[in-house]
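Please open the structure in a viewer and keep the sequence at hand. The tour below proceeds by selection, with a short account of what is found at each stop.

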Amino acid sequence: MATSRFAGSPYPCPFRRLSTVIAELALPHVDLLKIDVQRSEIEALDGIDDRHWPLIRHLAVEVHDEPGTATEGRLEIVLRALRERGYRVHVLPAADASAEGRRIVFAGA
């Protein structure tokens, strides 16, 4: 019974690059950017233009990095990208018990 209550169903959802949103809203800065995009964290970060990175003060990014899967190595890619942009990074395991292979990256300028 529970499985039928929680069955997934597709829902079309448009997406936009983060820089598009920052530009459209003419944001002077972003205090905290939280990214939780289910194995698309690198793509989300790639959606930030170089001119917008200085506007982002802090980030919290859920990163999937599971050995033996297509996500293996993503954590190091994300850490390198953030460090290259001048952020200090801290990595913690995700809080829930089913979080094997997931980490939360906190970054501050």
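Begin by selecting Arg74, a buried residue with a relative accessible area of 13%. The model is a predicted one, and burial here means a relative accessible area under 20%.

Next, add Glu41 to the selection. Glu41 and Arg74 form a salt bridge in which the closest N and O atoms are 3.6 Å apart. Glu41 belongs to helix α3 and Arg74 to helix α4 (residues 74-84), so this pair ties together parts that are 33 residues apart in sequence. Both partners are buried.

Keep Arg74 selected and add Glu43. The side chains of Arg74 and Glu43 also meet in a salt bridge, at 3.6 Å from N to O. This pair links distant parts of the chain, with Arg74 in helix α4 and Glu43 in helix α3, 31 residues apart. Glu43 is partly exposed, its relative accessible area being 46%.

Now move to Asp49 and Arg17. Which kind of contact do the side chains of Asp49 and Arg17 make? They meet in a salt bridge, at 2.5 Å from N to O. Asp49 lies in the loop between α3 (41-46) and β2 (56-64), and Arg17 in the loop between α1 (2-5) and α2 (18-25), so the pair ties together parts that are 32 residues apart in sequence. Asp49 is partly exposed at 25% relative accessibility, and Arg17 is partly exposed at 37%.

Finally, add Arg51 to this selection: Arg17, Asp49 and Arg51 are linked in a network of salt bridges. The count for the model comes to 9 salt bridges.

Note on methods. Residues are numbered from 1 along each chain as its sequence is written. This is a predicted model: local features need pLDDT of at least 70, side-chain atom pairs count only at pLDDT 80 or more; totals for chains, interfaces and linings use all residues. Side-chain values use heavy atoms; hydrogens and water are left out. A salt bridge is a side-chain nitrogen of Lys or Arg within 4 Å of a carboxyl oxygen of Asp or Glu. Helices (H or I, at least four residues) and strands (E, at least two) are DSSP runs, numbered from the N terminus. Buried means under 20% relative accessible area, exposed over 50%, partly exposed in between (1.4 Å probe, protein chains only).
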